[in-house]
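Hello,

Here is the structure we talked about handing over. Please load it first, then read the notes below.

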Amino acid sequence: MTKPKNKSFWDYYRFPVILLSSIILGSIIGLIMGERASIFQPLGDIFLNIMFTIVVPLVFVTIASAVSSMVDMKRLGKIIGSMLLIFIITGLIASIIMITVVNIFPPAKGVNLAMEAAEEITPLKTGEQIVKAITVSDFPELISRKNMLPLIIFSIFFGLCVSLLGERAKPVSDFLNILSEVFLKMVSIVMYYAPIGLGAYFASLIGTFGPELLGSYARAMVVYYPICILYFFIAFFFYSYFASGREGVKVYFKNIFPVAITSLATQSSIATLPVNLSAAKRMGVPKDVRDIVIPIGATTHMDGSCLSAILKISFMFGIFGIPFEGVGTYVTAIVISILSGVVMSGVPGGGLIGEMLIVNLYGFPPEAFPIIATIGYLVDPPATMINVTGDTVASMMVTRVIEGKNWLAKKLTATE
């Protein structure tokens, strides 16, 4: 058997380099042209709209096909159980890391912000929000990226019913598997347009909102952005090492950069979902694991949101001159950050609801809401990147729990 030829650095990283170069070029154009760079936004919107159009049928067919192909329902239960445990543990780690950082570098130190007028904050209605998070009132509402969690639940239920019918429903299962491959092929073709679309989108974004980063929120951004970069390289190094040793680290970082760059530019976990599924396939994550963990993770696994929730809480404490210290304060902040990252993300408008939760629980005045909402907007790009790339490494860790530490070595041996 002929040994495959080793690929060069350019062979592995050509597309990420092209993507990153287009975003840098777009950012430079945005800085030079300022708000006039908004003329490029339609080119970016075309890319986002294509991805948003693909994502709903892709989520349905990938999850439904993965579940429908399962013969062993215990495996499905083990995948979902280990997935939820990993989501909570990584969210807890992210929260503890950010608590340590904001105590060393207080994000609101020396910041003087004038309070802006705000509308009265609507009280949280927990029961109503839970219903909206997991169900819709009519089938057409299900076919919308705004209702991803109900779509995921429906897809799992549909796939489970196909599986329970056994041989009689095998043609349906086979059809779903073929459709899944078709949509992934569509994604691979659309990505040829990504450098133009993302470059144009970033030019408009930087041209319009770039100056805000230089204002009163600069210190908070100086704290948050480097932490996200360090978390990406250090935490995900250890997570991928846990998943499958050195080979896990190598395979993860060899394939993750197109996902990271796309999420950074689009600021959308949902828009990046098709690219993420393709990357997980190249990493060797089993179909049933990647097709369940990554779509669910796109709505319920948010390490970046956990990091940002702690930043927001600490920032608000600093603005109002309240010491951010004490075990009780830290525990409350961790619970809120995990709720924001794991639970609220599945609710429509979950980001704003998480921010309202912070304002309400800590008794901050309504005028504080525009401040915390602005921070949320400014930290969104790196937070989304951590959220999305965290889903990928989580799928690798779930595979390790399901199939053992040597799952990747076996996969690589089988392909030689």
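**Nonpolar core**

The largest nonpolar core has 117 residues. Phe232, Phe236, Tyr252 and Leu307 have the most contacts inside it. Helix H9 (residues 218-255) gives the largest share of this core, 16 residues. Please keep in mind that this is a predicted model.

Take Phe232 as a way in. Neighbours within four places in sequence are left aside here. Phe232 is then in contact with Phe237, Tyr252, Phe253, Ile256, Phe257 and Ala260. Phe232 also touches Met385, Ile386 and Thr389. Tyr252 appears among the residues with the most contacts in the core, and Tyr252 is a contact of Phe232 as well.

**Salt bridges**

How many salt bridges does a search of the whole structure find? The search finds six. Three of them are described here, starting with Arg75 and Glu403.

The side chains of Arg75 and Glu403 meet at 3.0 Å, N to O. Arg75 lies in helix H3 (residues 73-104) and Glu403 in helix H17 (residues 380-403), so this pair ties together parts that are 328 residues apart in sequence. Arg75 is partly exposed, at 22% relative accessibility. That value sits above the burial cut-off, since buried means under 20%. Glu403 is partly exposed too, at 35%. The pair is also part of a network of salt bridges that links Arg75, Asp288 and Glu403.

Asp174 and Lys170 form another salt bridge, at 3.2 Å, N to O. Both residues are in helix H7 (residues 170-190). They are four residues apart, so about one helical turn separates them. Asp174 has a relative accessible area of 33% and is partly exposed. Lys170 counts as partly exposed at 40%.

Asp291 and Lys287 meet in a salt bridge at 2.8 Å, N to O. This pair lies in helix H12 (residues 287-300), again four residues apart, about one turn of the helix. Is Asp291 buried or exposed? Asp291 counts as buried, at 2% relative accessibility. Its partner Lys287 is partly exposed, at 23%.

**Cysteines**

There are zero disulfides in the structure. Cys228 is buried, with a relative accessible area of 1%. Cys306 is buried as well, also at 1%.

**Helix H2 and Phe183**

Helix H2 (residues 41-68) has 28 residues. At 1.5 Å a residue, H2 should span 40 Å. The end C-alpha atoms of H2 are 40 Å apart, so the span agrees with the expected value. Even so, H2 is bent. The bend is about 30°, at Val55. A proline, Pro57, follows within four residues.

What does Phe183 contact, once its neighbours within four places in sequence are left aside? Phe183 is in contact with Ile54, Pro57, Leu58 and Val61. Pro57 is the proline that follows the bend in H2. Phe183 itself is found in helix H7. Phe183 is buried, with a relative accessible area of 14%. Phe183 and Leu58 are 125 residues apart along the chain. Their C-alpha atoms are separated by 6.1 Å.

Best wishes

Technical notes. Residues numbered from 1 in each chain as written. Predicted model: local features only at pLDDT ≥ 70, side-chain atom pairs only at ≥ 80, totals over all residues. Heavy atoms only, no water. Core = buried A, V, L, I, M, F, W, Y, C linked by side-chain atoms within 4.5 Å. Buried < 20%, exposed > 50% of the residue type's maximum accessible area, 1.4 Å probe, protein only. Helix = DSSP H or I, 4+ residues; strand = E, 2+ residues; numbered from the N terminus. Contact = heavy atoms within 4.5 Å. Salt bridge = Lys/Arg side-chain N within 4 Å of Asp/Glu carboxyl O. Disulfide = S-S within 2.5 Å. Expected span 1.5 Å × (residues − 1). Bend = angle between axes of the 7 residues up to and from the residue.
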